[in-house]
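Grab a coffee and work through these exercises with the model open beside you. Try each task before you read its solution.

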Amino acid sequence: FRRVLFRSVARAIRKQTRLAPQIKWPNDILFGEKKAVGILTELSAELDKIKYVILGIGVDLNLAADELPASLKPIATSLRIEAGQSFSRAELAAEILRQLDYDYRRICSGDFDEVADEWVSQCSTIGKQVSIQTGANAIHGRAEALDSDGALLLRTSHGRLERIMGGDVTVIKGR
């Protein structure tokens, strides 16, 4: 589900701003190496049905460069900073909902694999050396792919393929 949400939001941003966002697994949308969007999901499900899904989408939309705290300038941006112009919050929200509905209809008609492939093609994490912090543990390796559940498949330095469901991801530069 997270894959669909990211793809829908990225497509909505592209349509409204003409910018080219990239998806950073598991929950960010970036421009270059700077975060502009964070998405959180919470799901309650049983084996045979989903009870509910809660979506949280945070978009740094119209923050000006001089409003961005100095400590965040190396890692954060806004759509306004990237495009050099302001955007309508209502128009972007409506476009996000249109894109979510479009992808939902595609999935219901059996096109989940196509939607998932689009998501993977936008994922900037694949092919990179990363460090993933999960609680007190860190794992390092090359992000190789995403599985059908959206888990990251990470090849460790020992050659083992680890399935990672979440964590704080840092791309290791220079590799």
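A residue counts as buried when its relative accessible area is under 20%, and as exposed when that value is over 50%. Keep in mind that this is a predicted model.

**Exercise 1. Work out what share of the residues of the protein chain is buried, and look at the surface too.**

Step one: apply the cut-off to the 175 residues, and 37% count as buried. Step two: turn to the outside, where the accessible surface comes to about 10,100 Å². Carbon and sulfur atoms account for 50% of that surface.

**Exercise 2. Does the radius of gyration of the protein chain agree or disagree with that of a compact globule?**

Start with the expectation: for 175 residues, a compact globule would come out near 16 Å. The protein chain has 17 Å, so the two agree. For the outline, the C-alpha atoms fill a box of roughly 45 × 40 × 25 Å along the principal axes.

**Exercise 3. List the helices and strands in order from the N terminus.**

First count them: there are four helices and nine strands. Then walk along the chain, and you get α-β-β-β-β-α-α-α-β-β-β-β-β. Now see how the chain comes together: of the contacts between residues at least 6 apart in sequence, 47% join residues at least 24 apart.

**Exercise 4. Find the residues with the most contacts inside the largest nonpolar core, and the element that gives the most to it.**

The core in question has 30 residues, and V9, W25, L79 and I132 have the most contacts inside it. Next, ask who supplies it: the elements giving at least two residues each include α1 (2-17), β3 (34-45), α3 (89-108) and β6 (137-146). The top contributor is α1, with six residues. Finally, zoom in on V9: leaving out residues up to four places away in sequence, V9 touches I29, V37, I39, I57 and I96.

**Exercise 5. Where is the cis peptide bond, and which residue that is not a glycine has a positive phi?**

Recall the background: most residues other than glycine have a negative phi, and most peptide bonds are trans. Now check omega: the bond joining W25 and P26 is cis, at about 5°. P26 sits in the loop between β1 (22-24) and β2. For phi, go to R18, with a value of about 65°. R18 lies in the loop between α1 and β1. Last step: is R18 buried or exposed? Its relative accessibility is 70%, so R18 counts as exposed.

How values were computed: Residues numbered from 1 in each chain as written. Predicted model: local features only at pLDDT ≥ 70, side-chain atom pairs only at ≥ 80, totals over all residues. Heavy atoms only, no water. Rg over C-alpha atoms; globule rule 2.2 N^0.38 Å. Buried < 20%, exposed > 50% of the residue type's maximum accessible area, 1.4 Å probe, protein only. Contact = heavy atoms within 4.5 Å. Areas by Shrake-Rupley, 256 points an atom, 1.4 Å probe, with all protein chains shown as cover. Core = buried A, V, L, I, M, F, W, Y, C linked by side-chain atoms within 4.5 Å.
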